[in-house]
Amino acid sequence: MSGSIIDSPAAQQLFARAAGLDGAGGNERLKRIVQRITTDLCRMVEEFDVTPSEFWTAVGYLTRLGQANEAGLLVAGSGTEHFLDLLMDEKERRAGLEGGTPRTIEGPLWLADAPMEKGEARLDQDPEQGTVLFMEGQVKDANGTPIPGAVVDVWHANTKGGYSFFDPSQSAWNLRRRIETDGEGRYRLRSILPSGYGCPPDGPTQELLNHLGRHGQRPAHVHFFVEAPGHRKLTTQINIAGDKFLHDDFAFATRDGLIPEVVRHDDPAEMKARGLGEPFVTIRFDFALNRDAANLPEAVVVREHAKAA
Ligand code: MBD
Ligand code: FE
């Protein structure tokens, strides 16, 4: 065979017209992106000799992915969300920014407008047997100066790996809070140690992962947005050390600097001092925010989210 169909004038013209590039209206940047997507997709179809039946299998898959509301889950599992972090890291580096707590992916399970509390909060509110976790630290700027009035928005899974709202067995806002740091930039929380999340076993994301020979498990983790005026919004997570999937996350979110020590306390006197009858764990974790500046890429990501009623 001489020459590819995708590079023929007929195909190139087809996708230029389909992207509206022969007309005046619309968004020029979007037109060029759409042209690139259709051309690259069809180049792949030609080069891999994708059959029509295979092609329509993929169309059906994407339809089901949207119907199951798992698009965000596949973006995480495909490594694409982590790639966006690598891009933002590099843009910041090129703009001269360094230091600060490493970012890592938001994932698809945040909810806006969690209850706001001052200084400290208790996150667990459902009757559930779980190891009690006390976590505390300071929000600081890149020079190590504490930031009072910063907001730490924290959300995590329960001991079964489920998130409130998405898991209807949990009460509203369970394991979700916003905590405003005190005069010394401190936040403090009481919760329970989460378990790792697993993709819905019968959903379209896990279906694709199965075909790739992959699992859909995340190690136990806790999510954070940390915001303060004049500073870059931080999106990150901490991982719970010791998890089997710590360095085998289906969403590729584990990063150096985000695996704090989990200290176990089983001294009866310490338990009593905390008002507990069982061992508990503590984590100390400080967040370092970078100053915002005009030459830096936008740190606040606009993204559609579920809305709690
Ligand atoms: C999660 O809890 C999560 O953090 C990500 C990234 C994907 C699925 C579930
Ligand atoms: Fe998560």
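This passage describes the overall make-up, the pockets and cavity, the salt bridges and a surface patch of a predicted model.

The protein contains 7 helices and 11 strands. Measured out along the principal axes, its C-alpha atoms fill a box of roughly 80 × 45 × 35 Å. Of the 309 residues in the protein, 41% are buried.

A good place to begin is the largest pocket, which holds about 910 Å³ of space. Its lining is made up of 39 residues, and Leu-84, Asp-85, Met-88, Arg-103 and Val-301 are the ones that lie nearest the centre. Two helices and two strands give two or more residues each to this lining: helix H4 (71–77), helix H5 (80–94), strand S8 (234–239) and strand S11 (287–289). The largest share comes from H5, with 9 residues. By class, the lining of the largest pocket divides into 17 nonpolar, 8 polar and 14 charged residues.

The second largest pocket offers about 580 Å³ of space. Here the lining consists of 19 residues, with Asn-69, Glu-70, Pro-108, Leu-109 and Phe-166 lying nearest the centre. H4 provides the largest share of this lining, namely 3 residues. The lining of the second largest pocket comprises 10 nonpolar, 5 polar and 4 charged residues.

Enclosed space is also found in the model, where the count comes to 1 cavity of 30 Å³ or more. The largest cavity contains about 110 Å³ of space. It is lined by 14 residues, and those nearest its centre are Gly-107, Pro-108, Leu-109, Arg-218 and His-223. Pro-108 and Leu-109 are thus listed nearest the centre of this cavity as well as nearest the centre of the second largest pocket. At least two residues of the cavity lining are supplied by H4, and at least two by strand S7 (221–227). The cavity lining has 9 nonpolar, 3 polar and 2 charged residues.

Attention now turns to charge pairing. Side chains of opposite charge can pair when their charged atoms come close. In this structure there are 20 salt bridges. One of them joins the side chains of Arg-103 and Asp-89, at 2.8 Å from N to O. Because Arg-103 lies in the loop between H5 and strand S1 (116–118) while Asp-89 lies in helix H5, the pair ties together parts that are 14 residues apart in sequence. Both partners are buried: Arg-103 has a relative accessible area of 15%, and Asp-89 likewise has a value of 15%. Arg-103 is also among the residues that lie nearest the centre of the largest pocket.

A second salt bridge is formed by Glu-117 and Arg-177, whose closest N and O atoms are 3.1 Å apart. Glu-117 belongs to strand S1 and Arg-177 to strand S5 (residues 176–180), so this pair ties together parts that are 60 residues apart in sequence. What is the exposure of the two partners? Glu-117 counts as partly exposed, at 28% relative accessibility, whereas Arg-177 counts as buried, at 8%.

A third example brings together the side chains of Asp-292 and Arg-232, with an N to O distance of 3.0 Å. This pair links distant parts of the chain, with Asp-292 in the segment after S11 and Arg-232 in the loop between S7 and S8, 60 residues apart. Asp-292 is partly exposed, with a relative accessible area of 40%. Arg-232, in contrast, is buried, with a relative accessible area of 4%.

Some of these residues also take part in a wider arrangement. Asp-89, Glu-92, Arg-103, Arg-232, Arg-255 and Asp-292 are linked in a network of salt bridges. The network therefore includes both partners of the Arg-103 and Asp-89 bridge, together with both partners of the Asp-292 and Arg-232 bridge.

Finally, the surface carries a nonpolar patch formed by Leu-30, Ile-33, Val-34 and Ile-37, which together have about 330 Å² of accessible area. Ile-37 sits in helix H2 (residues 28–47). With a relative accessible area of 53%, Ile-37 lies above the 50% cut-off and so is classed as exposed.

Note on methods: Residues are numbered from 1 along each chain as its sequence is written. Chains are lettered from A and ligands numbered from 1 in the order in which they are written. This is a predicted model: local features need pLDDT of at least 70, side-chain atom pairs count only at pLDDT 80 or more; totals for chains, interfaces and linings use all residues. Side-chain values use heavy atoms; hydrogens and water are left out. Patches are made of residues with over 30% relative accessible area and no salt bridge: like charges are joined within 9 Å, nonpolar side chains (Val, Leu, Ile, Met, Phe, Trp, Tyr) within 5 Å. Accessible areas come from the Shrake-Rupley method with a 1.4 Å probe; for residues, only the protein chains shown count as cover. A salt bridge is a side-chain nitrogen of Lys or Arg within 4 Å of a carboxyl oxygen of Asp or Glu. Helices (H or I, at least four residues) and strands (E, at least two) are DSSP runs, numbered from the N terminus. Buried means under 20% relative accessible area, exposed over 50%, partly exposed in between (1.4 Å probe, protein chains only). On a 1 Å grid over the protein atoms alone, a cavity is a set of points where a 1.4 Å probe fits but cannot get out, and a pocket is an open set with protein on both sides within 12 Å along at least five of seven lines; lining residues have an atom within 4 Å of a point. Grid points are joined across faces, edges and corners, and a volume is the space filled by probe spheres set on the points. Ala, Val, Leu, Ile, Met, Phe, Trp, Tyr, Cys and Pro count as nonpolar, Asp, Glu, Lys and Arg as charged, and the others, Gly among them, as polar.
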